Amino acid sequence: MVDSGDSQMKLANGDSGYVLEDVPHLTDYIPDLPTYTNPLQDNPSYSAVKQYFVNMDDTVSQKIVVHKNGPRGTHFRRAGPRQKVYFKSDEVYACIVTCGGLCPGLNTVIREIVCGLYHMYGVSKVLGIDGGYRGFYSKNTISMTPKFVNDIHKRGGTILGTSRGGHDTSKIVDSIQDRGINQVYIIGGDGTQKGAAVIYEEIQRRGLKVAVAGIPKTIDNDIPVIDKSFGFDTAVEEAQRAINAAHVEAESTENGIGVVKLMGRYSGFIAMYATLASRDVDCCLIPESPFYLEGKGGLFEFIKKRLKENGHMVIVIAEGAGQDLLSKSLQSMDQQDASGNKLLQDVGLWISHRIKDHFAKENKMNITLKYIDPTYMIRAIPANASDNVYCTLLAHSAIHGAMAGYTGFTVGPVNGRHAYIPFNRVTEKQNKVVITDRMWARLLSSTDQPSFMSPKVVNKAKKREEPATLLNGNI
Ligand SMILES: Nc1ncnc2c1ncn2[C@@H]1O[C@H](COP(=O)(O)OP(=O)(O)OP(=O)(O)O)[C@@H](O)[C@H]1O
Ligand SMILES: O=P(O)(O)OC[C@H]1O[C@](O)(CO)[C@@H](O)[C@@H]1O
Ligand SMILES: [Mg+2]
């Protein structure tokens with residue numbers, strides 16, 4: 001094992017450019033830990049599974065499209081149950097916390113951690129931390145049993161509550177240490193995973209036998225490396241309802257325009273996928289693709305053309321789109337939430353006003369514009385079937401990893417296979433729609449909207465952007 005010198009990175013090199021970006025293990029800083037036989041092998045539900053335990057050397061490749069002589073590239077440790085575990089069932093004292101914004105599927109992940117620990121590993125001591133990171137030191141805990149969580153996946157939100165801000169590393173680790181907790185399951189977005197990384201570092205510094213497992217959550221799908229985040233499918237499906245309503249309203253009046261604002265602070269995946277799925281959208285605006293309103297090739301010109309052709313149109317706009325235009329025309333507030341995230345101004349309302357003003361001034365075309373803002377409705381619902389199954393796999397992967405003594409990792413599918421990924425790989429940057437990829441081209445071709453890009457801008461973007469996840473549609 002080659003140590004990269006960076007305390008976050010545990011690298012191993014193999015043949016033909018193979019690199020394993022491994023995750024920490026409790027034995028890295030606590031030698032001679034005893035191991036136990038995995039109780040799963042005596043579990044009637046799992047006993048029939050052929051080769052149930054994953055091979056210790058199994059890794060998952062980040063690069064799936066390869067060339068004959070190209071380097072094999074980065075790999076991650078494959079998730080799944082190991083033959084040997086580092087915790088006895090009755091020794092485990094686990095806790096679960098949810099942080100950041102809501103997302104469909106949070107309750108399913110909570111449920112599956114509690115039930116998975118109980119049914120697969122015979123673990124019955126699981127605590128819920130109330131209200132995000134600050135709950136570790138400022139609130140009472142909730143005792144979680146399979147019976148208590150039985151129905152929660154049918155509800156939106158998180159039964160544990162959530163919050164932004166309030167991450168006090170030493171108080172959190174004091175609380176973990178004082179309570180005797182030895183497995184910490186942390187569900188949240190990029191900020192939460194950064195918080196989990198510093199909790200892991202402090203636990204390691206104190207030499208505690210505590211496994212820290214992150215489960216990535218973001219409705220915006222802005223966490224890199226993993227194929228997609230849970231709740232995203234559900235959000236896209238629910239967004240269809242708003243788009244349908246906007247379409248019905250728009251086509252019922254002469255020169256009707258429906259504007260729908262969807263979530264997506266820095267990345268427009270929800271808007272892009274909802275647009276592609278719906279086929280009723282005439283124009284999709286996302287943070288990654290700058291646009292302009294006036295003049296040749298601008299939005300107003302396109303709206304006029306589309307209304308002349310079709311008599312109505314639907315515009316989908318991600319909340320983070322056009323923020324540069326907004327701050328130019330409105331007085332920038334530069335406010336932040338408790339976690340330090342920039343608070344965005346309402347681009348949907350702003351663009352609706354600008355479109356109305358423009359056509360009122362032009363005085364040639366009477367338009368009727370309806371603005372629909374379903375953002376929180378999309379976020380507050382329970383997960384759909386596909387997200388529910390996905391959440392189960394995430395929870396199980398996290399449990400198997402913690403039981404096997406891995407720590408300081410986050411879980412998620414990489415090219416369809418679940419893997420253990422070092423925290424820094426999911427926090428170092430944000431996943432974004434790549435506007436020089438085929439998926440965005442598909443969208444432009446389906447809506448036939450302007451790209452708002454000059455050839456100079458396209459060339460610059462091509463140089464800058466690297467293809468990202470499966471959701472960028474690398475086919
Ligand atoms: N760099 C950091 N170090 C430690 N803790 C952090 C860091 N960034 C954020 N946190 C903590 O993580 C929690 C969640 O962060 P944040 O509110 O940014 O949401 P998130 O996890 O990114 O989810 P969302 O997808 O909703 O934005 C907060 O309690 C915040 O204090
Ligand atoms: O209003 P809240 O709860 O801070 O959350 C809003 C933000 O959360 C997100 O959904 C990310 O979870 C963003 O898209 C959005 O800007
Ligand atoms: Mg975030």
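Trainee: How do the residues of the shell around ligand 1 divide into nonpolar, polar and charged?

Mentor: This is a predicted model, where local features need pLDDT of at least 70, side-chain atom pairs count only at pLDDT 80 or more, and totals for chains, interfaces and linings use all residues. Residues are numbered from 1 along each chain as written, chains are lettered from A and ligands numbered from 1 in written order, and side-chain values use heavy atoms, leaving out hydrogens and water. Here Ala, Val, Leu, Ile, Met, Phe, Trp, Tyr, Cys and Pro count as nonpolar, Asp, Glu, Lys and Arg as charged, and the others, Gly among them, as polar. On that scheme the shell splits into one nonpolar, eleven polar and five charged.

Trainee: And how many residues surround ligand 1?

Mentor: To be near, a residue needs a heavy atom within 4 Å of the molecule. The closest are Gly101, Gly165, Asp190, Thr192 and Ser339, and the full count is 17 residues.

Trainee: Which helix gives the largest share of that shell?

Mentor: Helices are DSSP runs (H or I, at least four residues) and strands likewise (E, at least two), numbered from the N terminus. Five residues of the shell come from one helix, residues 190–205, and that's α5.

Trainee: Where does ligand 1 lie relative to the domains?

Mentor: The domain bounds come from an automatic or database assignment. Domain 1 (2–227 + 383–427) and domain 2 (232–380 + 434–471) both give residues to the shell, so ligand 1 lies between them.

Trainee: What distance separates a polar side-chain atom of Asp190 from an oxygen atom of ligand 1?

Mentor: A polar contact with the ligand is a pair of N or O atoms within 3.5 Å. Gly189 makes one through a backbone N or O atom at 2.9 Å, and Asn341 has a polar side-chain atom 3.0 Å from a ligand oxygen. For Asp190, the value is 2.5 Å.

Trainee: How much of ligand 1 does the protein bury?

Mentor: Areas come from the Shrake-Rupley method with a 1.4 Å probe. Taken alone, ligand 1 exposes 620 Å², and the protein buries 83% of that.

Trainee: Is Asp220 buried or exposed?

Mentor: UniProt's unreviewed entry puts "active site" at Asp220, though such annotations may be inferred rather than shown by experiment. Asp220 sits in the loop between β12 (211–216) and α6 (232–251). Buried means under 20% relative accessible area, exposed over 50%, partly exposed in between (1.4 Å probe, protein chains only). At 10%, Asp220 is buried.

Key:
Polar contact = N/O pair within 3.5 Å; in protein donor to acceptor, adjacent residues only side chain to side chain.
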